[in-house]
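Hi,

Here's the structure I promised to pass along. Have a look at it first, and then read my notes underneath.

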Amino acid sequence: ILAESGIDLEDPVDALAHDLYKAMKGWGTDEAGIYEALATIADQDTFDTVKAVFAERYPDFNGGDLVASFRSEFNASELQKAVDILAESGIDLEDPVDALAHDLYKAMKGWGTDEAGMLEAQPEGQDRGLELEQQEPEPEPVAEPEPEPVAEPEPEPVAEPEPEPVAEPEPEPVAEPEPAREPVAAPEVSDEGRCRLTDTEIREAFDLFDADGKGSLEGIDLQCALQGLRLEHVAVAEDDAADFAKFKNIVVTESVRANVKEEIVHVFAKFDKSGTGELTIPDMFETVSAIDPRVTEDEVAEVVKYLSAEGRPVVTVEDLTRATIEMANLPRRVQQKYGVSSSA
């Protein structure tokens, strides 16, 4: 089988190359077998012959490079032991120049550069027995072309920042005086829309109890006519009498008073938190100051004193109803809705 591959085991060099190959191929490395084979090499010439035979016989194993195979199979300490075994016979593992080139290549390949390894590989490392017989000639200085003058760019004009506009303070709004309230004329009882009853309804009530057609209601007839219009609260004496004009004036006035009182009762209940039916000065002040914070409690006390019919420091529904109808500054919307003025 070996003869078919051109290997002659009787030739010491062939046998040695084969032993080295067998110790390195396959899984695992037979370091002891390699050291034993290297110890049998007598001199540098024999080792060089073994390397040549190995290259010829095993080109597929690390390119037939025996030294490269050692480097591939050994770690650093194992490789150093092989070097030491050969050195005992005065044999260099590889050519000093090749070793130097290999160490420099190894220090530079891959990611990063091993600067310490490059310095260690310098010719000063005489302990490795490396001598550089030739030094590379220093490169001739090459005259660098003079740089062409570069025109400095003119500085671009820097635009001065425009001053930010200073916002002028807005003038404080001046409160315009409220226009004086125009006096509202007293209602004419013949006008419709003054109260919730129409002239027709008032006329029908009047005619219903003016049975004899005298054009006047007296005593019990007058009282019944008012009750028919839901004005039963109006007091009527037995000798009281009213023609249609007077009857209509009573109906309109009392109807307006009743409607105003109905609204005031509704609003009054919202502010009568204690449910006593009376608003005290603190109650009124809390309500009014929520609408106009400028109002003082003393001013509210004056208003309460004015509104109270009995002069007490409280206001009732009746007080507000009376004042609403009688006060000359009654809001226009109420006057227009109910046809009420200060003279009503």
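Let's start with a polar contact: a polar atom in the side chain of S308 lies 3.4 Å from the backbone oxygen of V314. The side chain of S308 also reaches the backbone oxygen of R312, at 3.1 Å. Bear in mind that this is a predicted model, so please read every distance here as computed from it.

Where does S308 sit? You'll find S308 in the loop between α12 and β4, the latter covering 314-315. As for exposure, S308 has a relative accessible area of 8%, and because anything under 20% counts as buried, S308 goes down as buried.

Next, helix α12 itself, which spans residues 297-307 and includes E297. E297 comes out at a relative accessible area of 41%. That makes E297 partly exposed, because the value falls between the 20% limit for buried and the 50% limit for exposed. E297 is also one of the residues in a negative surface patch, where its partners are D298, E299 and E302. If you're setting up charges, that patch of E297, D298, E299 and E302 is the one I mean.

Last stop is S289, which belongs to helix α11 (residues 281-291). The side chain of S289 reaches a backbone oxygen too, that of E286, at 3.3 Å. How far apart are S289 and V300 in sequence and in space? They are separated by 11 residues in sequence, and their C-alpha atoms are 9.2 Å apart.

That's what I have for now. Shout if anything is unclear.

Cheers

Methods: Residues numbered from 1 in each chain as written. Predicted model: local features only at pLDDT ≥ 70, side-chain atom pairs only at ≥ 80, totals over all residues. Heavy atoms only, no water. Patch = residues over 30% accessible without salt bridge, like charges linked within 9 Å, V, L, I, M, F, W, Y side chains within 5 Å. Areas by Shrake-Rupley, 256 points an atom, 1.4 Å probe, with all protein chains shown as cover. Salt bridge = Lys/Arg side-chain N within 4 Å of Asp/Glu carboxyl O. Lys, Arg positive; Asp, Glu negative; His and termini not counted. Charge placed at Lys NZ, Arg CZ, Asp CG, Glu CD. Helix = DSSP H or I, 4+ residues; strand = E, 2+ residues; numbered from the N terminus. Buried < 20%, exposed > 50% of the residue type's maximum accessible area, 1.4 Å probe, protein only. Polar contact = N/O pair within 3.5 Å; in protein donor to acceptor, adjacent residues only side chain to side chain.
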